[in-house]
Amino acid sequence: MTWATVSARGAKRWATGHPWIYRSDVESNPATPGIVPVRDARGKFLGQALCSPKSEIRLRLLERTESPIDAAWWVTQLTRCRDRRRAIDANAWRAVHAEGDGLPALIVDRYDRWLVVQLLSAALETQRALILAALQETFSPEGILLRHDVPTRKLEGLDSAVELASGDVPKQIEVREGTVRWIAAPWTGQKTGAFLDQRDNRALAGTLVPTGGTALDCFTYHGSFALHLAARAVQVTAVDSSVEALARGAENAALNQRQNIDWVAGDAFDVLPAWGKARRTFDVVVVDPPAFAKSRANIPAALRGYHEINRRAMQLVAPGGWLLSASCSFHIQRPQFMEMIANAAAGTGRRFTIHRILGAGVDHPEVVTIPETGYLKGVVLRAE
Ligand SMILES: C[S@@+](CC[C@H](N)C(=O)[O-])C[C@H]1O[C@@H](n2cnc3c(N)ncnc32)[C@H](O)[C@@H]1O
């Protein structure tokens, strides 16, 4: 058996609850990817890990005991994931949230009767057949699609492709989320076809709208916040730079028989200041931008972007109105986000109070010792 041996610092990572051990803390590891037993420099067994010889994240903890990681092991883990999500009021949710569910590098999103899967480590790829069989046994999907067109796979030396793994997966799937319906695009849509992480926050946003009020959904994608806002609002304005996403938003509005959403194509960094100048206001403003911080190096620039967009958005909130603001950047932690929000509020000269601190839904478990599992953060503010 080929072991991986880690330094004291590497062993400490696992002892403190984080599953990753970086290349610099691995003294030796097998040359080919796979699941390996791991020991410290004194030979003490520490657990079994996914080992990716080409990746900076060399080891990802999978199992603390010596139990074999076989077909039955995968079924047990996936059944646990499935059972944790029983109470969700929707037909689409994240079925496996990688490290958040103790299954590093594995993403599984469920859209009605179909699954969209991402295997994001070279070692996990060696388990592909076992994982697909276990998914079939646990979830009985009509089809499984591999959305492997993601840059992180390149860091692992893996190819990038969209591939049907089993059955058939439609190009469009109707998603029901509470009282709202929208169409996911599993083959071509962003992420695995839609943004499932904001489900609870979208429902919350809908409840903030005063009957007959107005709302702005900035960075709307295909309108999933807008649709919730439109239930009570007299008028919703939905902004996105993607004309294709907005066209799907208009289709989603039709699916929900909503005629009160105005779809605006444009750059939010231009549109919001222009509306500020024109003194437009809304009772609820939602700001859900893409991840501005793509790497650690651009955190300062990303924070400037978040600051700018939030300050502009705050200026558009009517007195007594609400701002729901989110960031999905892995590299920006909650304290930095809240500091940015405070600075943006200070820049408006207005007073805002904190109504809710937000994260993702229960299907994206956030482990307190693994900050990366809590990439989505947000806040609901009330303007005085
Ligand atoms: C995180 S997604 C929004 C998800 C959406 N709120 C939902 O719940 O489904 C970010 C969106 O911002 C759009 N976007 C990116 N840069 C933009 C910009 N400068 N102005 C307007 N929209 C932009 C992208 O096209 C994408 O649809």
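Two strands pair if DSSP finds at least two bridges between them. Strands (E, at least two residues) and helices (H or I, at least four) are DSSP runs, numbered from the N terminus. The model is predicted: local features need pLDDT of at least 70, side-chain atom pairs count only at pLDDT 80 or more, and totals for chains, interfaces and linings use all residues. Residues are numbered from 1 along each chain as its sequence is written.

**View 1. An open sheet of 5 strands.** The strand order is 7-8-9-10-11, with mixed pairing. Strand 7 (92-97) and strand 11 (162-167) each have a single partner strand, so one side of each lacks a neighbour in the sheet. Neighbouring strands are turned by 20° against each other on average, direction ignored. Axes here are lines fitted to C-alpha atoms, for helices over the stretch in contact; angles run from 0 to 180 degrees between N-to-C directions.

**View 2. Strand 9 beside strand 10.** Strand 9 (114-119) pairs with strand 10 in the parallel sense, over 4 bridges. W114 has G143 of strand 10 as its bridge partner.

**View 3. Helix 4 and the loop after it.** Helix 4 lies across strands 7, 8, 9, 10 and 11, at about 155° to strand 9. Contact means C-beta atoms, placed from the backbone, within 7 Å. S140 sits in the loop between helix 4 (128-139) and strand 10 (143-147). S140 is not a glycine, yet its phi is positive, about 45°. S140 counts as exposed because it has 9 C-beta neighbours inside 10 Å; the cut-off for exposed is 12 or fewer, for buried 20 or more, with partly exposed in between, and C-beta atoms are placed from the backbone.

Conventions. Two residues are in contact if their C-beta atoms, placed from the backbone, lie within 7 Å.
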